[in-house]
Amino acid sequence: MSVIPTPSVDPSELSRLHARLIAAADRDGLLDLAYRSVDTPVGRLLLAATDVGLVRVAYPSEDHDAVLAMLAQQVSPRILEAPARLDSAARQLDEYFAHRRTRFDVPLDLRLSRGFRRTVLTRLPDIAYGTTVSYAEVAEASGSPRAVRAVGTACATNPLPLFVPCHRVVRSDGSMGRYAGGADTKRALLTLEAA
């Protein structure tokens, strides 16, 4: 039995073909979700966007393949690595980590949060850069002063960390509380903003 040799593939040709695929999918309205990865001081982040806006940011501690599979189920299976759609978000992250940006202004798609969780997330961008507020203060601002635990859950399930700054929410005693990116990441972000 003879073995048929596999043809070698030029990486630049693969890149060119991938770019054509992205352009055709976008042109024909078949690209519902675009994603890319970006390296940051807190690790490699996964960014995903719909045509409405940024829909998901995932930390390195999250399984990026599992996040993409969840997005394919909950948003659309028409998903492609298409970095250009996320250029603005990636640039703003670079500016944030370089101390040149204190507020993000990319369009956001909050479809992954509903009800009170979504209400909480809409309040978080009002927390000023370099400051923190307590879960109780966010509960009060969200119209449900007794819903402190629900605020904690909203922050823990925030699909857009950094862009929706749940890292600025701390416990009433000033301790950090839990964070999807991990305690070290939350500490690093608060230290970055305090500098």
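## Pockets and a helix crossing

About 170 Å³ of space lies in the second largest pocket. Bear in mind that this is a predicted model. That pocket has 13 lining residues, and the ones nearest its centre are Arg-103, Phe-104, Pro-125, Phe-163 and Pro-165. Sorted by class, its lining comes out as 10 nonpolar, 1 polar and 2 charged residues.

Now for the largest pocket, with a volume of about 270 Å³. Its lining is made up of Tyr-135, Val-148, Arg-149, Gly-152, Ala-156, Arg-171, Gly-177, Arg-178, Tyr-179 and Ala-180. Which helix gives the largest share of that lining? Helix H6, residues 148-156, with 4 residues. The class split here is 5 nonpolar, 2 polar and 3 charged residues.

Here are the two pockets together:

| Pocket | Volume | Lining by class |
|---|---|---|
| Largest | about 270 Å³ | 5 nonpolar, 2 polar, 3 charged residues |
| Second largest | about 170 Å³ | 10 nonpolar, 1 polar, 2 charged residues |

Helix H6 also meets another helix. Its axis and that of H4 (residues 115-123) come within 9 Å, crossing at roughly 75°. Angles from 65 to 115 degrees count as roughly perpendicular, so H4 is roughly perpendicular to H6. On the H4 side, the contact is made by Phe-116, Arg-117, Val-120 and Leu-121, while H6 brings in Ala-150, Val-151, Thr-153 and Ala-154. By class, that contact of H4 with H6 has 6 nonpolar, 1 polar and 1 charged residues.

Technical notes. Residues numbered from 1 in each chain as written. Predicted model: local features only at pLDDT ≥ 70, side-chain atom pairs only at ≥ 80, totals over all residues. Heavy atoms only, no water. 1 Å grid on protein atoms, 1.4 Å probe; cavity = no way out; pocket = protein on both sides within 12 Å on 5 of 7 lines; lining within 4 Å. Points joined across faces, edges and corners; volume = space filled by probe spheres on them. Helix = DSSP H or I, 4+ residues; strand = E, 2+ residues; numbered from the N terminus. Nonpolar A, V, L, I, M, F, W, Y, C, P; charged D, E, K, R; others polar. Axes fitted to C-alpha atoms, helices over the stretch in contact; angles between N-to-C directions. Parallel < 35°, antiparallel > 145°, perpendicular 65-115°, else oblique. Contact = heavy atoms within 4.5 Å.
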